[in-house]
Amino acid sequence: MREFICFIRLVQRDLYILKSYFFQFLIEGGIAAGCFYLLYACFLPAMGMTPRFVPAMFMGSLVSNMIPVIFSSLQQVAIDLEKHRYIEYIATLPISNALIILRFILSMTLGTLICWIPVCGCGALLFHAFLRESPGSLSTFLIIAFLLLFAVCAITTAIVFFFSYTWFNSYMWVCGLMPLIFFGCEIVPWRDAYRVAPYLATLFLLNPVTYGIEGMRSVITGSPHYIPTSVCIPVLLLWSFIGYFGALYSFNKRMGR
Amino acid sequence: MNMFTHILMREWTVYKRRIPYVVLTDCGLRVLFFGMVHGYLLPATGMPQGYGPSGMLYIGTFIFGLFSMVIAFSQELLTDYESDRHYDYLVMQSSAHTVFCAKLLFCTLILWFLSIGNFIFAKLLLSHWLDTTHLSLVPLIIMLGIASYTVSAITLLCYASLTSVVQVRMFWRRILVPLTFLGGYLAPWEIVYKVFPALGIAMYFNPIVYILEGLRMAVFGPVTTLLYLYIILLGAVGCLCALVGIHAWRAKLDSL
């Protein structure tokens with residue numbers, strides 16, 4: 001019980017800090033949603049793109065727009081591990097390693113989700129004409145968004161604890177984050193990607209981001225053209241567990257426990 | 001040996017051990033991600049071969065590659081400020097100008113080398129999708145050099161001004177997203193101008209437009225005197241960013 005209270009207080013402290021950034025997130029969300037609208041709803045259709053891709057691309061961009069936010073959080077962890085070692089203090093608290101790592105991932109996920117809401121809100125207003133309105137879709141959308149962010153945060157946390165600071169600085173973008181974005185059906189829906197490049201699209205199925213983006217596309221458009229949510233949610237859950245246990249293993253290894 | 005050369009030599013000594021990995025990741029993998037996914041998959045959305053030659057879209061995505069490559073070098077200006085403060089010692093030995101300019105020159109040269117490698121990989125991987133029949137080699141190499149310089153200067157300016165790692169998020173979401181999305185990243189300037197003429201005119205103030213339009217002109221032709229005007233403009237923007245960056249960095253170092 002004491003351990004759990006300690007865990008809750010740590011998460012509360014992280015959320016308290018995040019709360020102070022909410023206005024900044026609102027500004028950034030408005031900027032991002034405006035840019036997405038201009039590019040995907042105005043410019044690309046003028047270049048010949050079929051309008052049915054507009055919401056699909058918007059969903060993909062929502063996720064890729066969150067990657068710098070996750071990177072910023074990861075960078076704080078990497079710098080702390082290399083220099084400040086505040087984590088050593090956390091490790092002395094009466095809390096197990098499993099909960100310490102869960103706190104890291106959960107705080108990062110909730111922080112990214114808070115940062116995400118303004119982009120989604122502004123985007124929903126701008127892309128209103130392209131989206132479907134149905135009861136219950138918001139909760140499914142939020143569940144998929146949470147699971148996707150949790151899986152991505154868990155996997156990237158595992159990477160941060162596993163590799164050195166030098167590796168993180170030099171290769172995190174190109175070897176860690178870019179495959180997640182670009183091999184995750186960010187731009188083109190999976191079925192269309194499969195039609196053009198079947199082998200590449202098969203590779204995309206190994207990426208949890210594919211299921212997150214496709215699931216959200218499926219919810220907001222209601223089209224059977226995308227991977228259904230009944231497939232996406234279990235796969236995202238599986239990836240969340242894999243990421244969490246990977247992060248726990250890397251943390252124990254790094255901290256010599 | 002003066003301090004400028006000393007800093008360059010030190011950076012090179014650290015960097016040269018990583019060259020094979022950097023060529024593989026920064027040239028090979030980046031082309032695979034940007035070029036292949038955008039070049040091959042975007043035409044599936046109905047654009048005839050991705051708006052003209054699909055290589056045009058690849059060039060748009062190239063700008064993200066440049067920014068993400070330069071971040072690995074610029075990050076030191078921020079992380080060192082929050083921890084070791086090794087740069088304070090260097091600045092005491094010479095001046096903020098010398099250290100910043102050495103860093104900028106090193107970033108530019110490495111980025112130039114990597115961006116040329118990136119293009120070679122792109123041609124090998126994308127083959128006929130990246131139409132190079134009208135490519136002008138010398139203007140392209142000059143454009144890649146000036147693009148590397150401008151992108152390095154902008155990124156170093158931002159990282160020299162940031163005071164906390166938390167603010168890195170702001171750099172991406174407040175500066176890079178509008179600069180690139182409204183800088184001809186996927187949609188070239190002429191399309192933006194056709195859809196929203198006012199926005200097209202406003203884009204004249206965005207240096208990314210000149211980088212991308214210049215690269216497209218050098219690759220797909222025809223090369224006109226406009227390209228040299230872009231090069232001069234980008235050089236001026238780079239100098240301005242470097243000057244502001246030096247002052248911002250100096251102010252940041254003196255603030256403690």
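# A walk through two helical chains

Start with chain B: from one end of its sequence to the other, the pattern runs α-α-α-α-α-α-α-α-α-α-α. Counted up, chain B has 11 helices and zero strands, so a cartoon view will do nicely. Keep in mind as you look around that this is a predicted model.

**Stop 1: chain B as a whole.** Hide chain A for a moment and turn chain B about. Its C-alpha trace spans about 55 × 45 × 35 Å along the principal axes. The radius of gyration of chain B is 19 Å, close to the 18 Å given by the globule rule for 256 residues, so chain B is as compact as a globular protein of that length. Of those 256 residues, 50% count as buried. If you draw the contacts in chain B with a separation of 6 or more, 79% of them link residues 24 or more positions apart.

**Stop 2: two helices inside chain B.** Now select residues 3–16 of chain B, which are helix α1, and residues 96–126 of chain B, which are helix α5. How far apart are the axes of these two helices, and at what angle do they pack? The axes are 9 Å apart and the angle is about 40°. That angle makes α1(B) oblique to α5(B), and the crossing of the two is right-handed.

Switch on side chains here. On the α1(B) side, pick out Met3(B), Phe4(B), Ile7(B), Leu8(B), Glu11(B) and Tyr15(B). They meet Thr98(B), Val99(B), Ala102(B), Leu105(B), Phe106(B) and Ile110(B) of α5(B). Colour this contact by class and you get 10 nonpolar residues, one polar and one charged.

**Stop 3: over to chain A.** Bring chain A back and hide chain B. Chain A also reads α-α-α-α-α-α-α-α-α-α-α along the sequence, with 11 helices and zero strands. Its radius of gyration is 19 Å, close to the 18 Å that the globule rule gives for 257 residues, so chain A is as compact as a globular protein of that length. The box filled by its C-alpha atoms is roughly 60 × 40 × 35 Å along the principal axes. In chain A, 50% of the 257 residues count as buried. Of its contacts between residues at least 6 apart in sequence, 82% join residues at least 24 apart.

**Stop 4: where the chains touch.** Show both chains together. How many residues of chain A are in contact with chain B? There are 37, and they are in contact with 40 residues of chain B. To find the chain A side, select α2 (22–46), α3 (53–84), α7 (165–182) and α8 (190–196), each of which supplies at least two of its residues. The largest share, 10 residues, comes from α2(A). By class, the residues on this side of chain A are 26 nonpolar, seven polar and four charged.

**Stop 5: a helix pair across the interface.** Stay with α2(A) and add helix α7 of chain B, residues 168–181. Their axes come within 10 Å and cross at roughly 10°, so α2(A) and α7(B) are roughly parallel to each other.

Zoom in on the side chains once more. From α2(A), show Glu28(A), Ile31(A), Ala32(A), Cys35(A) and Leu39(A). Facing them from α7(B) are Arg173(B), Arg174(B), Val177(B), Pro178(B) and Phe181(B). The contact of α2(A) with α7(B) divides into seven nonpolar residues, no polar ones and three charged.

Note on methods. Residues numbered from 1 in each chain as written. Chains lettered and ligands numbered in written order. Predicted model: local features only at pLDDT ≥ 70, side-chain atom pairs only at ≥ 80, totals over all residues. Helix = DSSP H or I, 4+ residues; strand = E, 2+ residues; numbered from the N terminus. Rg over C-alpha atoms; globule rule 2.2 N^0.38 Å. Buried ≥ 20, exposed ≤ 12 C-beta atoms within 10 Å, placed from the backbone. Contact = placed C-beta atoms within 7 Å. Axes fitted to C-alpha atoms, helices over the stretch in contact; angles between N-to-C directions. Parallel < 35°, antiparallel > 145°, perpendicular 65-115°, else oblique. Left-handed = near helix turned anticlockwise from the far one by under 90°. Nonpolar A, V, L, I, M, F, W, Y, C, P; charged D, E, K, R; others polar.
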